[in-house]
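Please describe how this structure is built, beginning with its sheet and the units that connect the strands, and ending with the helical chain.

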Amino acid sequence: MPAILAAAGGAEPVVRLTAQSRIIAAVLAIAFMLMILELIRRHKLHERYSVIWFVAGIAMLAGAAFPDLLRLLAEALGVRDVTIALFSLLFVLLLGLALSFSVIMSRQSAQITRLAQELALERARDQAENPDSSRGE
Amino acid sequence: MRTLVFIPAWNEERSIADVIGDVRKALPAADVLVVDDGSTDATAERARAAGALVASLPFNQGVGAAQQTGYMHGLRGDYEVCAHLDADGQHIAGELARLVAEIEADRADMVIGSRYRERGDAQDDDYRANFSRRTGQHLFRLVVSLSTRQRFTDTTSGMRAVNRKVMRLFSDSYSPEFAEVESVQQAVLQGMRVEELQVRMLERAEGRSFLTPLRSTYYIFKTMVVLLVGQFRPRLKEGR
C-alpha cells in the first residue's frame, strides 16, 4: 500500500497518445476547419460565430502536433493522466460554448418579441386607418 | 383624459365580445384595444366585430409580451391613462373604472386590482383560488413585500391601471413571461407610486387556468429567480 501511494504521489504526467491517435486527431482537426470554411462559404454559418470554432480546431491540431503541450497542461492542472486533462479542458470549452449559445438565443428571442410587437401595433394602426376593409388572412 | 383599455387575449373567442361590451359600458370614453397573442381561434375576428381595435401578434409570445404591446400602444398613442384586464371574464369592467379613477386623480402611478378581500366580506360568486395557486400567491406576496418594503396582497393580478410614467417604464423593459409579479417589484424599485385597490372578481367564466401543480412549481421557481435578480437590477434614469 505505501508503495502504491508513493508511486502515485511522485509520478510525472504520462503522455498516452500514440502516433496513430495523433494522426487521427490532426486529420479530424483539419477536416473540421475545412468544414467550417465550407459552411461560411455557403452562408450556412455566420462569420461572427465561426471564430470560436476555429479556435477549437486550432487547439485540437496543436494538441495533436505537440503532445508536450498536453503534458504541460496536465501538470498545470495537477492531473496525472493526460487524457483526463484533455477531457476536462474539452468539457469546460463545451460548457462555455453552450452558455454563449444560450446568451445569443436569449438576445434573438428578445428581438423576435420586439418584431412581433411592432407587427401587431402596425396591424392595429392599419385597422384604425381602414376600419371597413375586411382583412384577408 | 385620454384613456386606453387593452385586453390581452389568447384563444378567448367565447368571452372576448362580452368583455369588450362590459368595458364599453363601464368606460364609454375609453378606446379599447385587444392584444391578440397569436390566437388560433376566432378571438381577433370577434373582437373586431365587437368594435375593438385589434393588435395581432403573429405567434404566441406569452402574456408579458402581450401586455407590453398594450403599454407600447398607450405610450405611442399619447394616452394619459392605460388600463388592462383579463379576457376570460374574471374581471369586472366596473371595477376597472375605479382603478382608472385613481390614476386620473393622480393618487398613484400604478394601481393594481386585488382580488383578496377583508374577511367576512365575501360574496357567493367571489374568486376562490385553489391550493397550489394560493401557495404561490402567499410566496410571491411575501417576497415582493419584502423586496419593496410595501405590503401587497395580489401580485399576480392582471387588472391594472397606469399613467404615462409607468407606460414608459414598461414599454422599455417588461418581463415576457413573469410579467405580473416582476412588474410590481420593478415599478416600486424604479420609484413609482404603486397602490392596491380591493376589487370584486368572478370565478373564471370561460377557459381554464394553464397552471397544473407541476407547472405551478416550475412557475414559482422561475419567478423566484426573476425576483432575486430583479432586486439587484440598476435603477433606470428618469427619461425625458
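A crossover is called right-handed if, with the strands pointing away from the viewer, the path from the first strand over the helix to the second runs clockwise. In this predicted model, that description applies to S1(B), helix H1 (residues 16–26) of chain B and S2(B), which together make a right-handed β-α-β unit. A further right-handed β-α-β unit is made by S2(B), helix H2 (residues 43–49) of chain B and S3(B), and strand S2(B) therefore takes part in both units.

**The sheet of chain B**

These strands belong to an open sheet of seven strands, whose pairing is mixed and whose order in chain B is S3-S2-S1-S4-S6-S5-S7. Because strand S3 (53–57) and strand S7 (194–198) of chain B stand at the edges and have a single partner strand each, one side of each is left without a neighbour in the sheet. Averaged over the sheet, and with direction ignored, neighbouring strands are turned by 20 degrees against each other. Strands of a sheet pair through backbone hydrogen bonds, in either the parallel or the antiparallel sense. Three of the pairings are listed below.

| Strand pair | Sense | Bridges |
|---|---|---|
| S1(B) and S4(B) | parallel | four bridges |
| S1(B) and S2(B) | parallel | six bridges |
| S2(B) and S3(B) | parallel | five bridges |

Individual residues show how these strands are aligned. B:Leu4 has B:Cys82 in S4(B) as its bridge partner, while B:Pro8 is partnered by B:Val35 in S2(B), and B:Asp37 stands opposite B:Leu57 in S3(B).

**Burial and the nonpolar core**

Strand S2 (residues 31–37) of chain B is largely enclosed by the rest of the structure, because six of its seven residues are buried. The largest nonpolar core has 68 residues, and those with the most contacts inside it are B:Val5, B:Leu33 and B:Val34. Which residues does B:Val5 touch, not counting residues up to four places away in sequence? With that restriction, B:Val5 touches B:Val23, B:Leu27, B:Ala30, B:Val32, B:Ala83, B:His84 and B:Leu96.

**Chain A**

Chain A contains five helices and zero strands, and its elements run α-α-α-α-α from the N terminus on. Of its 137 residues, 10% count as buried, where a buried residue is one with 20 or more other C-beta atoms within 10 Å of its own. Among the contacts in chain A with a separation of 6 or more, 59% are accounted for by residues 24 or more positions apart.

Methods: Residues numbered from 1 in each chain as written. Chains lettered and ligands numbered in written order. Predicted model: local features only at pLDDT ≥ 70, side-chain atom pairs only at ≥ 80, totals over all residues. Core = buried A, V, L, I, M, F, W, Y, C linked by C-beta atoms within 7 Å. Buried ≥ 20, exposed ≤ 12 C-beta atoms within 10 Å, placed from the backbone. Contact = placed C-beta atoms within 7 Å. Pairing = 2+ DSSP bridges. Helix = DSSP H or I, 4+ residues; strand = E, 2+ residues; numbered from the N terminus. Axes fitted to C-alpha atoms, helices over the stretch in contact; angles between N-to-C directions.
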